[in-house]
Amino acid sequence: MRTRTGERLPANDMVNDSRLKVVIVGGGTAGWMTAAALVKLLPTRCQVHLVESEAIGIVGVGEATLPHIRGFNEKLGIDEADFMARTRATFKLGIEFRDWARHGDSYIHPFGTFGSGQGELDFHHYWNKARQEGLAVPPMNDFSMAVTMAYMNRFALPDPDPSLLESTFNYAYQFDATLFAPYLRRLAEKMGAFRTEGRIVDIELDGESGNVRAARLESGERVEGDLFIDCSGFVSLIMGKAFNEPFEDWTQWLPCDRAVAMPCQTQTPLAPYTSAIAMPAGWRWRIPLQHRTGNGYVYSSSFTTDEIAREALIGAVEGEPIAEPRVLKFQAGRRKRSWVGNCIAVGLSSGFLEPLESTSIYLIQAAITGLVELFPEREISSIDRDEFNRLIDAEYDWIRDFLILHYHATERSDTPFWDYVRTMDVPDSLLEKIELFRRRGRIVKHREGLFLDASWVAVYLGQRVLPEGHDRRADLIAQSTLLQNMQALRTTIREKAERMPDHRSHIERYCPMAEAA
Ligand SMILES: Cc1cc2nc3c(=O)[nH]c(=O)nc-3n(C[C@H](O)[C@H](O)[C@H](O)COP(=O)(O)OP(=O)(O)OC[C@H]3O[C@@H](n4cnc5c(N)ncnc54)[C@H](O)[C@@H]3O)c2cc1C
């Protein structure tokens, strides 16, 4: 094995070191997130060796994140302001959906809760009761601190005091995806991760166990390990190519399979949210960063061509383009198992769900959390492996249903794409969730993780899925009190948001962009 500077370690150092040797194949966002987490959190249990090829490069998109990333960064001891300055990041309070249920509709899926968080029931139950009783209630979005701040272009950090309205929102980052992995690389190498540059040309398997023995490089070098993490991206060098682990294709529910991406100069105010704007054969993202705006059209090749999509994107972006449009191809779905033998697939090598709700980096984080919690002793236990695969399956299934909801709950039939998603069959697990919400506004509970009740409420209502009944416990508040409270709450939310600094000036004070190094 080699040290960080490349020299070979004396053999007896290797013998004395009882830590598992983890080889990470690939140095994109998945590879360096995994490397940084393992060296930081399990320094006595593993040594980390990452192999990547600069000539192959990284996928280089993935600019919008979810609030969970803050927990990941904190565990790594990352200073937020430094991180944001060097990745040229902005704050993200949620995702705006334009034209999804009908042309002209717009709503935000906010990070945080609706209402003041103080009632006996979740706020949407009171709102729903008031709506059903014919009271003149404002839209649900007006009762979200995050949405109100987003539409006013305001930002301040949340207050830690849970009794305050200013604690009811959360935030994530929008950053330059090409700067995130290098940022983590510096951190991981400082903490002891080794890196080898080179193209892997072969994966050697053990004839008896089927486990990976080594990755062989173009240079002839062999990199051996006890545990291999496949972070090689869509090519899926170990899980897909060497192990031939089946891929579950979800294209029938999530038909988008391409994106054309093209950044442009920022000409509008710096929005603290990502936009997802419906297009004839998919949707378009708009992600404002400090130095530019990221744009891309995610579309289905069954319903349009690369050329039409490219032209549509060029026609839609709001600023001067700063790069040529680039087409990326993908397939919605996941590997049947993410941990097989002594290899764990993390990132695009394990599966992909389109970026509508910015979930890929979250899925990387979920896999790393599972890996750290179930990290093998000397022997790999099939019980740990099965539990890891169960956790990842649950994450993928939950996100899949949430994404399908956005498409299926539409009234649009104006293009073949929208007509297809509106009328397609959807998984039973999603139908059950929609039916439950339609009855009395109840949300199917998820034990932990992503997209809890407020997220589902935001998307159901934004997509015009409305409950037909209401939770009777909301009847305990008199109609007049309910309406009065709601009006007062709405006014207070607006006043509090108005007093916050605008997003750009907060960034200029807190984390103005700096050189990447
Ligand atoms: C259009 C699009 C938009 C997206 N938007 C978002 C978003 O907004 N938010 C979000 O969370 N995610 C988003 N994602 C997903 C996100 O980009 C990825 O999850 C993330 O970048 C992780 O990629 P990765 O590290 O798995 O793969 P990659 O970035 O592809 O890295 C693969 C690594 O493996 C190496 N490698 C491959 N083959 C070899 C070889 N033979 N030898 C040596 N090294 C090799 C490469 O050099 C590279 O270092 C988006 C993805 C797409 C396609």
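This tour moves through a predicted model, beginning at the ligand and then passing to two groups of strands.

**The ligand and its shell**

Select the ligand first, together with the 33 residues around it, of which Gly 27, Val 61, Ala 64, Ile 200 and Ile 361 come nearest. If you colour this shell by residue class, you will find 17 nonpolar, 13 polar and 3 charged residues.

Next, show the backbone atoms of Gly 27, where a polar atom is 2.9 Å from an oxygen atom of the ligand. Continue to Ala 30, which places a polar backbone atom 3.0 Å from a ligand oxygen, and then to Gly 57, where a backbone N or O atom lies 3.1 Å from an oxygen atom of the ligand. With a surface displayed, consider how much of the ligand is covered: on its own the ligand has 1000 Å² of accessible area, and the protein covers 96% of this.

Now select helix H2 (29–41) and helix H10 (360–373), the elements that give two or more residues to the shell around the ligand. The largest share, 3 residues, comes from H10.

**From Ile 200 into the open sheet**

Return to Ile 200, one of the residues that come nearest to the ligand, and follow its pairing: Ile 200 stands opposite Leu 217 in S9. Strand S9 (residues 212–217) runs antiparallel to S8, and 5 bridges join the two strands.

Widen the selection to the open sheet of 3 strands, whose order is S8-S9-S10 and whose pairing is antiparallel. Its edges are strand S8 (200–205) and strand S10 (222–224), each of which pairs on one side only. Looking across this sheet, you can follow a twist that averages 25° from one strand to the next.

**Strand S14 and its partners**

Finally, select strand S14 (residues 274–279), which is mostly covered, with 6 of its 6 residues buried. Show the side chains here: Thr 274, Ala 276 and Ala 278 point one way from S14, whereas Ser 275, Ile 277 and Met 279 point the other way, and all are buried.

Which strands should be added beside S14? One is strand S4 (residues 94–98), which runs parallel to S14 and is joined to it by 4 bridges; within this pairing, Glu 96 stands opposite Ser 275. Another is strand S15 (residues 282–288), which pairs with S14 in the antiparallel sense over 5 bridges, and here Ser 275 stands opposite Arg 286. To end the tour, trace the chain from S14 to S15, which are joined by a hairpin through 2 residues.

Conventions:
Residues are numbered from 1 along each chain as its sequence is written. This is a predicted model: local features need pLDDT of at least 70, side-chain atom pairs count only at pLDDT 80 or more; totals for chains, interfaces and linings use all residues. Side-chain values use heavy atoms; hydrogens and water are left out. A residue is near a molecule or strand if one of its heavy atoms lies within 4 Å of it. A polar contact is a pair of N or O atoms within 3.5 Å; within protein, one must be able to donate a hydrogen and the other to accept it, and residues adjacent in sequence count only if both atoms are side-chain atoms. Accessible areas come from the Shrake-Rupley method with a 1.4 Å probe; for residues, only the protein chains shown count as cover. Ala, Val, Leu, Ile, Met, Phe, Trp, Tyr, Cys and Pro count as nonpolar, Asp, Glu, Lys and Arg as charged, and the others, Gly among them, as polar. Two strands pair if DSSP finds at least two bridges between them. Axes are lines fitted to C-alpha atoms, for helices over the stretch in contact, and angles run from 0 to 180 degrees between N-to-C directions. Buried means under 20% relative accessible area, exposed over 50%, partly exposed in between (1.4 Å probe, protein chains only).
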